[in-house]
Amino acid sequence: MVQGDPGGPHYGKSVAGRLQGRVALITGGGAGIGRAAALRFAQEGARVVIAELRPEQGAAAAQEVVAGGGVAVFVHADVTREDSVRDAVSRALGRFGRID
């Protein structure tokens, strides 16, 4: 259940699956808030591209998503380098055909 303003569009309603069929590229998805976002997006039905600087953490997060029944791929990315971000986007598009 989403909590919030009683007048909000999701108040009192289940929102599971609201990202079904979507593709999310999440930077910093290997730890902390990024990892939590990746897991939640996957729970909501998104296919998740985890872009992470630290390969061990990125791969572990992707494995956690898959173990939970989701679809995820890890891509190594350094968001301080434009070429690295372009490569991550290219790999996401190559795998899933789009990013939402």
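Which residues of α2 are buried? Keep that question in mind while the chain is laid out. The model is a predicted one.

Start with the order of elements. The chain holds three helices and three strands. Read from the N terminus, they run β-α-β-α-β-α. The chain has 100 residues, and 32% of them count as buried. About 6000 Å² of the chain is exposed, with carbon and sulfur atoms supplying 53% of that area. Contacts also reach along the sequence. Among those with a separation of 6 or more, 46% join residues 24 or more positions apart.

Now go inside. The largest nonpolar core has twelve residues. Its members are A24, I26, A38, A42, A46, V48, I50, A61, A62, V65, A72 and F74. Five elements each supply at least two residues of this core: β1 (23–27), α1 (32–43), β2 (47–52), α2 (55–67) and β3 (71–76). The largest share comes from α2, with three residues. Another core lies apart from this one. That core has nine residues, including V73, V75, A88 and F96.

Next, look along α2 itself. This helix has 13 residues. From first C-alpha to last, α2 reaches 18 Å, close to the 18 Å expected at 1.5 Å a residue. Here the opening question gets its reply: G58, A61, A62 and V65 are the buried residues in α2. Because these residues cover an arc of only 95° around the axis, they sit on the same side of α2. The spacing follows a general rule. An α-helix has 3.6 residues a turn, so residues three or four places apart point the same way.

Turn the helix around. On the other side of α2, E56, Q63 and A67 are exposed. Here "exposed" stands for over 50% relative accessible area, while "buried" stands for under 20%.

What covers the buried residues of α2? The cover includes α1, β2 and β3. A62 gives a close-up of the packing. Setting aside its neighbours within four places in sequence, A62 is in contact with I50, A72, V73 and F74. Of these partners, I50, A72 and F74 belong to the largest core along with A62, whereas V73 is listed in the other core.

Finally, follow the chain out of the helix. Just after α2 comes G69, which takes a positive phi of about 95°.

Methods:
Residues numbered from 1 in each chain as written. Predicted model: local features only at pLDDT ≥ 70, side-chain atom pairs only at ≥ 80, totals over all residues. Heavy atoms only, no water. Core = buried A, V, L, I, M, F, W, Y, C linked by side-chain atoms within 4.5 Å. Buried < 20%, exposed > 50% of the residue type's maximum accessible area, 1.4 Å probe, protein only. Helix = DSSP H or I, 4+ residues; strand = E, 2+ residues; numbered from the N terminus. Contact = heavy atoms within 4.5 Å. Areas by Shrake-Rupley, 256 points an atom, 1.4 Å probe, with all protein chains shown as cover. Expected span 1.5 Å × (residues − 1). Arc of directions from axis to C-beta.
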